[in-house]
Amino acid sequence: MSCEETITPKLPEESKIAVTAQLTSGQAPVLHIVEINNINKQESPKTIENAEVSIQDVQTKEIFSCLPLSDGYWKNERFQAQPGKTYQLNVKTKNREVNAVCTVPSSFTTSAERSDDQNESTITLQLPVPNLSPLVLTMEARTYRMEGTNIVYLSNWEKVNMKCKDAATDNIRYQELPAPYSKLFLPAKTTIKQLVFSPEYQNGLRKFRVHVKSVEPVYYKYLYDYEYLKNNNSNGANSYIGLQSNINNGLGIFGGVYENVIAL
């Protein structure tokens, strides 16, 4: 004889500070800081208004304080991260304190060529050699028309999805993200020297911008997993919990980026 009993474990109602912060070389930092009151329930994150937020240069010990904007965003317009340098983020509220460290990848050079055939564009990207850091690619497009020899733009820059069949990308390697892709993921130390891809088909004349981002390995995994969760209907507070974190005593990510933007 046997019996069956269903047990629902009672987890502690623990709150956490969640951080999404990116340091891109040569740009002002973008920091988003919120508080999740109960990580075991699907509750909306709450913005943090009263806090001490700063970024410290680990080598020089110089501290850059950040000021609140709105909707949980913080910024310091005077600070710009430098390639190859390591920084520490410190967030202190009345009840909690979290911190994290990231390193901005070293600078690199790359180039790309565009070929057009019956409104279909193909991009051939020359990859940095050696490719020591993982790469994340995104793309933007802007429509225009010609008036004589003058270009008249018809729209602002907008993100476009991409098509790619290269098995060197983690998109094709793992087959977990649906095509077309909003991001292309290329792991570190890849042996290929160029990557071929195409923007999703659109009518009309278009200019393109390709964003080639060299990122830290932990940030690379965070971005890839975020895309996976986003495409599997996961969002809100739970997205912080399902992602790898480098925030001590908290949730989220503090990632370093070196970016090249190629206009085509």
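L23 stands opposite G256 in strand β18, and this contact is a good place to enter the model, which is a predicted one. The two residues belong to a longer match: β1 and β18 (residues 251-263) pair in the parallel sense over seven bridges. On β1 there is also a pairing with β2 (residues 30-36), this one antiparallel and again counted at seven bridges. Within that second pairing, A21 has L31 in β2 as its bridge partner. If you follow the chain from β1 into β2, you pass through a hairpin with five residues between the strands, where G26 in the turn takes a positive phi of about 80 degrees. How many of the nine residues of β1 are buried? Seven of them are, so the strand (residues 16-24) is largely enclosed by the rest of the structure.

Let us move on to an open sheet. Four strands make it up, in the order β9-β10-β16-β14, and their pairing is antiparallel. The strands at its edges are β9 (111-117) and β14 (162-163); each has a single partner strand, so one side of each is left without a neighbour in the sheet. In general, strands of a sheet pair through backbone hydrogen bonds, either parallel or antiparallel. Here β9 is joined to β10 (residues 120-126) by seven bridges, with the two strands running antiparallel. D117 gives you a spot to check this by eye, as it stands opposite E120 in β10.

Next come the aromatic side chains, of which the structure holds eight pairs. One of these is formed by Y144 and Y153, an edge-to-face pair with 6.4 Å from centre to centre and 65 degrees between the planes. The two partners differ in their surroundings: Y144 counts as buried at 14% relative accessibility, whereas Y153 counts as partly exposed at 37%. Another pair is that of F185 and Y220, whose ring centres are 5.6 Å apart and whose planes lie at 85 degrees, so this pair is edge-to-face too. It links distant parts of the chain, with F185 in strand β15 (residues 184-186) and Y220 in helix α2 (residues 217-230), 35 residues apart. Are these two rings buried or exposed? F185 is buried, with a relative accessible area of 0%, and Y220 counts as buried as well, at 8%. The two also take part in a wider grouping, since Y174, F185, Y220 and Y224 form one aromatic cluster.

Back at the Y144 and Y153 pair, charged side chains enter the picture. The charged end of R142 sits over the ring of Y153, at 3.9 Å from its centre. K207, in turn, lies over the face of Y144, with 5.3 Å to the ring centre. Y153 has one more role to note: together with M146, I151 and L205 it makes a nonpolar surface patch of about 340 Å². I151 is found in strand β12 (residues 150-153), and its relative accessible area of 37% makes it partly exposed.

For a contact between separate stretches of the chain, look at T138 in strand β11 (residues 135-147). T138 is buried, with a relative accessible area of 14%. Its C-alpha is 8.8 Å from that of Y181, although 43 residues separate the two in sequence.

Finally, some backbone details may catch your eye. Most residues other than glycine have a negative phi, and most peptide bonds are trans. Which residues are joined by a cis peptide bond? They are A179 and P180, with omega at about -5 degrees, and P180 is found in the loop between α1 (170-174) and β15. D71 is not a glycine, yet it has a positive phi of about 60 degrees. D71 belongs to the loop between β5 (63-68) and β6 (73-75), where it counts as exposed at 61% relative accessibility. K189 also has a positive phi of about 60 degrees without being a glycine. K189 has its place in the loop between β15 and β16 (194-199), and it is exposed, with a relative accessible area of 67%.

Key
Residues are numbered from 1 along each chain as its sequence is written. This is a predicted model: local features need pLDDT of at least 70, side-chain atom pairs count only at pLDDT 80 or more; totals for chains, interfaces and linings use all residues. Side-chain values use heavy atoms; hydrogens and water are left out. Two strands pair if DSSP finds at least two bridges between them. Patches are made of residues with over 30% relative accessible area and no salt bridge: like charges are joined within 9 Å, nonpolar side chains (Val, Leu, Ile, Met, Phe, Trp, Tyr) within 5 Å. Accessible areas come from the Shrake-Rupley method with a 1.4 Å probe; for residues, only the protein chains shown count as cover. A salt bridge is a side-chain nitrogen of Lys or Arg within 4 Å of a carboxyl oxygen of Asp or Glu. Buried means under 20% relative accessible area, exposed over 50%, partly exposed in between (1.4 Å probe, protein chains only). Rings of Phe, Tyr and Trp (its six-membered ring) pair if their centres lie within 6.5 Å; planes under 30 degrees apart count as stacked, over 60 as edge-to-face and the rest as tilted. A charge sits over a ring if NZ of Lys or CZ of Arg is within 6 Å of the ring centre and within 35 degrees of the ring normal.
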